[in-house]
Amino acid sequence: MAPQAIVFDLLTALLDSWSLWAEAANNDHQASYRWRTRYLELTFGCGTYRPYETLVYESAKDAGLPDSAPKALIENWDQMRPWPETKEVLLQLKESGYRLGVVTNCSVELGRRAVALCGVEFDAFVTAEEAGFYKPHPKAYGTILSALGVEPKDALFVAGSNGDVVGAASAGMDVVWHNQIGLPRLPGSKSRLEGRSLHVVLDHLRQAEPTPRSRASSQSSSRL
């Protein structure tokens with residue numbers, strides 16, 4: 001069955017934050033990958049929310065980078081860009097009648113600035129700071145589902161990171177993985193589809209018709 005709502009990771013599934021991290025590390029891609037990987041380790045093992053900026057600085061230090069790297073990341077935050085197909089895919093989903101939500105691992109301030117870069121209005125948006133936990137903690141996913149008013153079985157999650165693939169599936173959602181970065185799979189990964197473009201979402205939904213709008217029309221017709 002087609003989902004009622006589609007929930008997105010923001011900083012990898014919809015936006016190219018990886019390029020921004022690389023630029024902050026003076027385009028040393030090995031160093032930025034080491035930094036970002038360490039940051040993900042910190043968030044995955046964090047427990048209750050700790051300030052996003054603190055984890056960014058701690059992970060940079062652990063990766064052997066100077067404080068100028070995380071400072072540049074935060075200062076240039078608004079230079080992050082969506083993937084080329086992001087707006088097109090989101091508008092198609094809205095036109096088809098799906099409710100759209102975002103849950104992201106960052107602070108409220110940075111999250112709101114980042115989601116605005118997508119150029120599309122979402123039905124619900126939750127940051128780790130608001131949820132009180134970073135993904136893949138189940139409460140992070142539960143918070144966005146509550147905001148959208150749907151059960152896990154009625155939502156499709158669009159992962160960007162490999163941790164989200166496992167976490168969202170454990171929370172009871174079907175998962176598709178927009179793996180534009182080419183991240184390795186983690187043990188226990190369960191995604192319906194995986195692709196290097198956000199169009200993987202549309203590919204999955206074509207297999208799960210009818211869309212919400214056509215389903216509603218069908219239900220209306222059956223009552224006549």
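This is a short talk on the domains, the sheet and two helix packings of one protein chain.

Before the details, please keep in mind that we are looking at a predicted model, in which local features need pLDDT of at least 70 and side-chain atom pairs count only at pLDDT 80 or more, while totals for chains, interfaces and linings use all residues. Residues are numbered from 1 along each chain as its sequence is written, and side-chain values use heavy atoms, with hydrogens and water left out.

Let me start with the domains, whose bounds come from an automatic or database domain assignment. Domain 1 covers 5-15 + 80-208, and domain 2 covers 17-79. Their centres, taken over C-alpha atoms, lie 21 Å apart, and 23 residues of domain 1 are in contact with 22 residues of domain 2, where contact means heavy atoms within 4.5 Å.

Turning to the sheet, I should say that helices (H or I, at least four residues) and strands (E, at least two) are DSSP runs, numbered from the N terminus, and that two strands pair if DSSP finds at least two bridges between them. The sheet is open, with 6 strands in the order β3-β2-β1-β4-β5-β6 and parallel pairing. At its edges are β3 (124-127) and β6 (193-195), each of which pairs on one side only. Strand β1 (residues 5-8) pairs with strand β4 (residues 155-159) in the parallel sense over 4 bridges, and V7 has F157 of β4 as its bridge partner.

Now to the helices. How are two packed helices described? By the angle between their axes and the distance between the axes. The axes are lines fitted to C-alpha atoms, for helices over the stretch in contact, and angles run from 0 to 180 degrees between N-to-C directions.

Helix α2 (residues 29-44) packs on helix α3 (residues 52-62) at an angle of about 130°, with the axes 8 Å apart. That makes α2 oblique to α3, given that angles under 35 degrees count as roughly parallel, over 145 as roughly antiparallel, 65 to 115 as roughly perpendicular and the rest as oblique. On the α2 side the contact is made by W35, R38, Y39, L42 and T43, and the residues of α3 include Y52, L55 and V56.

Finally, α3 also packs with helix α4 (residues 68-75), at an angle of about 145° and with axes 8 Å apart. Here Y52, E53, V56, Y57 and A60 of α3 meet P70, K71, L73 and I74 of α4.
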